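Subject: The structure I promised you

Hi there,

Here is the structure we talked about, for you to open and turn around on screen. Have a look first, then read my notes below.

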Amino acid sequence: ELLAKHLDKLTIKFELQAGEDGKLFGSVTSQMISDEIENQGYSIDKKEIVLEEPLKQTGNHFVHIDLGNELKPKVKVKISEEKNKF
């Protein structure tokens with residue numbers, strides 16, 4: 001339950017290459033989300049991340065984490081366009 005409360009407040013950010021209309025060249029997968037949550041100090045298996053389909057658009061998304069026991073916190077995933085480094 002404590003983990004669920006922490007995850008509900010968590011925002012993870014990705015900066016990825018995007019084309020027109022904020023469409024990503026790749027996508028944010030459950031593995032990337034799992035790795036980033038782990039970087040924040042929480043251990044989540046990618047199988048616990050409920051992702052209907054990979055995230056392919058910039059903006060804010062909410063991803064549910066299925067911890068069992070009807071605990072399903074949602075993590076905010078913020079995807080922004082990578083700034084050109086030229």
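How many aromatic pairs does the count come to? The count comes to 0. One ring still has a neighbour to look at, though: K74 lies over the face of F62, at 5.8 Å from the ring centre. Keep in mind that this is a predicted model.

Next, the sheet. It is an open one with 4 strands, in the order β1-β6-β5-β3, and the pairing is mixed. At the edges sit β1 (residues 11-16) and β3 (residues 49-50), each of which pairs on one side only. Helix α2, residues 30-39, packs on this sheet and touches β1, β3, β5 (59-65) and β6. If you compare directions, α2 makes an angle of about 125 degrees with β1.

You can walk across the sheet pair by pair:

- β1 and β6 (residues 74-81) run parallel and are joined by 6 bridges. K13 has K78 in β6 as its bridge partner.
- β6 and β5 run antiparallel, also with 6 bridges between them. Here H64 stands opposite K74 in β6, and K74 is the lysine that lies over the face of F62.
- β5 and β3 run antiparallel with 2 bridges. H64 turns up again here, as the bridge partner of V50.

Now for the inside. The largest nonpolar core has 17 residues, and I12, I33, I37 and V77 have the most contacts within it. Two or more residues each come from β1, β2 (23-28), α2, β5 and β6, and β6 gives the most, with 3. Try clicking on I37: leaving aside residues up to four places away in sequence, I37 touches L7, L10, I12, Y42, I44, I65 and V75.

Last, two spots in the loops. Which residues other than glycine have a positive phi near 60 degrees? One is D21, in the loop between β1 and β2. The other one I picked out is E70, found in the loop between β5 and β6. Are these two buried or exposed? D21 is exposed, with a relative accessible area of 72%. E70 counts as exposed too, at 80% relative accessibility.

If you want a place to begin, start at H64, with V50 as its bridge partner and K74 opposite it in β6.

Cheers

Technical notes. Residues are numbered from 1 along each chain as its sequence is written. This is a predicted model: local features need pLDDT of at least 70, side-chain atom pairs count only at pLDDT 80 or more; totals for chains, interfaces and linings use all residues. Side-chain values use heavy atoms; hydrogens and water are left out. Two strands pair if DSSP finds at least two bridges between them. Contact means heavy atoms within 4.5 Å. Axes are lines fitted to C-alpha atoms, for helices over the stretch in contact, and angles run from 0 to 180 degrees between N-to-C directions. Rings of Phe, Tyr and Trp (its six-membered ring) pair if their centres lie within 6.5 Å; planes under 30 degrees apart count as stacked, over 60 as edge-to-face and the rest as tilted. A charge sits over a ring if NZ of Lys or CZ of Arg is within 6 Å of the ring centre and within 35 degrees of the ring normal. A nonpolar core is a set of buried Ala, Val, Leu, Ile, Met, Phe, Trp, Tyr and Cys residues joined through side-chain atoms within 4.5 Å. Buried means under 20% relative accessible area, exposed over 50%, partly exposed in between (1.4 Å probe, protein chains only).
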